[in-house]
Amino acid sequence: MKIASFDDLRVGIVEDRQVFDMTAALPAFLDALPRQRVNWLIAHWDEMAAVFADPARRGAARPLQEVRLLAPNPAPQHVFAAPANYRKHIGELGARTVTKAGRSAREQGFFLKAPGSLSGAGEPILLPRGSSRRFDHESELAVVIGRAARNVPREEAMSYVFGYACLIDATMRIEPGVAEEERSMRKSFETFTPMGPYIVTADAVADPGALANRLWVNDELRQQADTSEMIVGIAELIELVSSVLPLQPGDVIASGTPDGVGPIAPGDRVRIEIESIGSMTLEVRECERQAPRPY
Ligand code: MN
């Protein structure tokens with residue numbers, strides 16, 4: 001099943017290029033907390049899966065191209081991200097990385113992106129206005145957590161996965177010796193975590209450890225890899241994060257980028273496609289308003 005958020009935080013099922021509005025199948029109290037709808041849905045999926053699968057419960061259908069797709073979970077409590085998780089990516093950024101030479105996610109652990117940086121397939125990537133800094137794309141498989149997880153061994157970890165989505169980990173690079181802001185800030189500008197186009201539930205993905213992951217800028221193929229090339233696989237990532245703090249239903253883990261990371265600029269079109277999940281194409285633009293400090 002494919003679960004989307006769209007328009008004014010409505011929740012739907014995507015099928016045959018249509019969105020079926022399921023918002024009315026959710027408890028009415030969530031109308032006061034629309035950003036929490038998908039967190040609640042995931043936490044109650046044991047009961048709600050049958051409701052969502054029942055054709056009689058489906059609301060009105062609309063063509064997918066007529067709705068504005070938002071991040072499929074607009075407000076996860078956490079967005080975790082793996083640094084240096086594909087062998088060939090390690091080293092390609094030269095001095096522009098804060099990951100220590102030769103280290104992978106296994107030694108470095110995870111970092112955080114602000115959940116407020118999430119955006120959806122129907123939204124642009126907005127770069128700071130008038131910036132001369134380098135901004136990069138990173139093509140990643142997002143893992144969405146299905147239930148609370150603390151100290152989960154990797155052998156059991158896959159049963160904690162709710163589903164998967166495409167995710168771009170957009171990044172402002174450091175300029176060594178000139179500008180070296182914290183990583184969490186450089187990766188947390190508004191719209192720097194496009195996710196979508198929807199969540200594909202785990203039962204619909206035969207082997208998340210063997211999916212083609214590709215990204216184009218305009219029509220140039222920049223990144224091409226397979227999730228089997230990840231150094232720390234999905235199960236070990238869940239073991240790693242849950243060994244530090246509790247994962248919550250709806251949390252997102254960005255599983256790291258392969259090589260081919262490169263710059264994006266206003267006017268570009270970025271397309272990410274992950275096998276069995278879907279694809280999304282985003283325009284890169286400048287923010288309308290200049291920040292009160294330069295970037
Ligand atoms: Mn990344």
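Contact is taken here to mean heavy atoms within 4.5 Å. The structure is a predicted model, in which local features need pLDDT of at least 70 and side-chain atom pairs count only at pLDDT 80 or more, while totals for chains, interfaces and linings use all residues. Residues are numbered from 1 along each chain as its sequence is written, and side-chain values use heavy atoms, with hydrogens and water left out.

The domain assignment, an automatic or database one, gives domain 1 (2-66) and domain 2 (79-286), and nine residues of domain 1 are in contact with 10 residues of domain 2. The area buried between domain 1 and domain 2, that is, the accessible area (1.4 Å probe) that two parts lose on being put together, summed over both, is about 850 Å², with 73% of it given by carbon and sulfur atoms. In domain 1, the greatest losses of area to domain 2 fall on K2, I3 and I42, which together make up 61% of what that side buries.

A salt bridge is defined as a side-chain nitrogen of Lys or Arg within 4 Å of a carboxyl oxygen of Asp or Glu; the structure holds 21 of them, but zero are found across the interface of domain 1 and domain 2. One salt bridge joins the side chains of E138 and R173 (2.6 Å, N to O), and both E138 and R173 are buried (under 20% relative accessible area, 1.4 Å probe, protein chains only). In another, the closest N and O atoms of D169 and K187 are 2.8 Å apart, and these two residues are likewise buried. Through shared partners, salt bridges join K113, R134, D136, E138, D169, R173 and K187 into one network.

Key:
Buried means under 20% relative accessible area, exposed over 50%, partly exposed in between (1.4 Å probe, protein chains only).
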